[in-house]
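Work through these exercises with the model open. Each task is followed by a stepwise solution.

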Amino acid sequence: MKNKIVNALFFLIALLFLESCTNDELVPYYPEQKAGKLVIRGYNARADSIQIAVNGKIIKIGNKNAFVKNIVKDYDFVIYENAPKDVVITNKRSKEILHSYHITDNKSIDTISFYHKKDLWVDNALATKPGVLTKAGNAGFKFIFPTFNKYSNSGYKGNLDGIIRNLDGETLAVAQKIGQNQYSTFVEFPATLPPIIKMELVKHGTTESYIPGKQVFVVMLMTANKSRLIVLDEKKADNGQFSGVDGSLNLVDFFEF
């Protein structure tokens, strides 16, 4: 009889305890999950392959886990409780980290796009589209300058303007506010022959060179009915000194916008 009374008391205590618990305390805990997608669009112009790792896991495209030239991948993953994704891009041979990204769950679809060659990384390559030409026969340009001051060490930190002239010295257009991380205003003008143009780089709003005592010109080609996204690139001589600015890289040749 005594044992029955003790067992009944234990049962009553257990029942009262369960009733005092909230529903949340009784539901098994599962981490919040939602689908995520990382859209990767890149171009590796080096002979060395690059690898892309998401949270330490090297991704594959088909059977390949290292890439040259075009890189196109939609990477699907699961986001657990807002946990971020670290994307690290490395040179496969040297293991040098070329670039890294920190992806959060702010967007269910995130995009990284880049162009890479030796000593140059162009980030957010797809963030700006080529300008739309308003007249047939025109040539159009936007400019960005990611290696600004890399070798020249000019001391100037502001934006640049590009005064574009033909070989006769006639001014065709002025591209304003060329930045290290932002594109210039869009300029367009009639394409003529010969197709060679020279652009002088000056401090924004002036005609003064961004390098004291040295005029800087970029020689480029114009083509009728073509709009270009030109990446300006400081170059160095064998002695490591600044030797000029190259303007031959057109992102439109490598990406679909």
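A charge sits over a ring if NZ of Lys or CZ of Arg is within 6 Å of the ring centre and within 35 degrees of the ring normal. Keep in mind throughout that this is a predicted model.

**Exercise 1. Find the ring that lies under the charged end of Lys198, and give the distance to its centre.**

Solution.
- Start at Lys198 and follow the side chain to its charged end, which sits over the ring of Phe217.
- The distance to the ring centre is 4.6 Å.
- The cut-off is 6 Å, so the 4.6 Å of the Lys198 charge meets the distance condition.

**Exercise 2. Classify the aromatic pair of Phe145 and Tyr210, and locate both residues.**

Solution.
- The count of aromatic pairs in the model is eleven.
- For Phe145 and Tyr210, the ring centres are 6.2 Å apart and the planes make 85°.
- Planes over 60 degrees apart count as edge-to-face, so this pair is edge-to-face.
- Phe145 lies in the loop between strands S9 and S10, and Tyr210 in the loop between S13 and S14, so the pair ties together parts 65 residues apart in sequence.
- Both residues are buried.
- Phe145 and Tyr210 also belong to one aromatic cluster with Phe148 and Tyr156.

**Exercise 3. Do the same for Phe255 and Phe257, then state the burial of each ring's residue.**

Solution.
- The centres are 6.4 Å apart and the planes stand at 65°, so the pair of Phe255 and Phe257 is edge-to-face.
- Phe255 has a relative accessible area of 9% and is buried.
- Phe257 has 34% and is partly exposed.

**Exercise 4. Describe the largest nonpolar core and the surroundings of Leu232.**

Solution.
- The largest nonpolar core has 27 residues.
- Those with the most contacts inside it are Phe141, Phe143, Phe145, Leu201, Tyr210, Leu232 and Val245.
- Strands S9 to S16 each supply at least two residues of this core.
- Beyond its neighbours up to four places away in sequence, Leu232 touches residues including Phe143, Phe145, Leu201 and Val245.
- A second, separate core has 18 residues, among them Leu98, Ile112, Phe114 and Trp121.
- In soluble globular proteins, nonpolar side chains tend to be buried together.

**Exercise 5. Which residues pair with Asp233, Glu200 and Glu208 in salt bridges?**

Solution.
- The model has seven salt bridges.
- Asp233 meets Lys117 at 4.0 Å, N to O.
- That pair links strand S15 to strand S7, across 116 residues.
- Asp233 and Lys117 are both buried.
- Glu200 bridges to Arg165, with the closest N and O atoms 3.0 Å apart.
- Here Glu200 in strand S13 is linked to Arg165 in strand S10, 35 residues apart.
- Glu200 is buried at 6% relative accessibility, while Arg165 is partly exposed at 23%.
- Glu208 meets Lys203 at 3.1 Å, N to O, and Glu208 is partly exposed at 44%.
- Arg46, Asp48 and Arg93 are linked in a network of salt bridges.

**Exercise 6. Is Gln51 buried or exposed, and what does its side chain approach?**

Solution.
- Gln51 is in strand S2, residues 50–54.
- Its relative accessibility is 9%, so Gln51 counts as buried.
- A polar atom of the Gln51 side chain lies 3.4 Å from the backbone oxygen of Asn65.
- Leaving aside neighbours within four places in sequence, Gln51 contacts Ile58, Asn65, Ala66, Val88, Ile89, Thr90 and Lys92.

How values were computed. Residues are numbered from 1 along each chain as its sequence is written. This is a predicted model: local features need pLDDT of at least 70, side-chain atom pairs count only at pLDDT 80 or more; totals for chains, interfaces and linings use all residues. Side-chain values use heavy atoms; hydrogens and water are left out. Helices (H or I, at least four residues) and strands (E, at least two) are DSSP runs, numbered from the N terminus. Buried means under 20% relative accessible area, exposed over 50%, partly exposed in between (1.4 Å probe, protein chains only). A polar contact is a pair of N or O atoms within 3.5 Å; within protein, one must be able to donate a hydrogen and the other to accept it, and residues adjacent in sequence count only if both atoms are side-chain atoms. Contact means heavy atoms within 4.5 Å. Rings of Phe, Tyr and Trp (its six-membered ring) pair if their centres lie within 6.5 Å; planes under 30 degrees apart count as stacked, over 60 as edge-to-face and the rest as tilted. A nonpolar core is a set of buried Ala, Val, Leu, Ile, Met, Phe, Trp, Tyr and Cys residues joined through side-chain atoms within 4.5 Å. A salt bridge is a side-chain nitrogen of Lys or Arg within 4 Å of a carboxyl oxygen of Asp or Glu.
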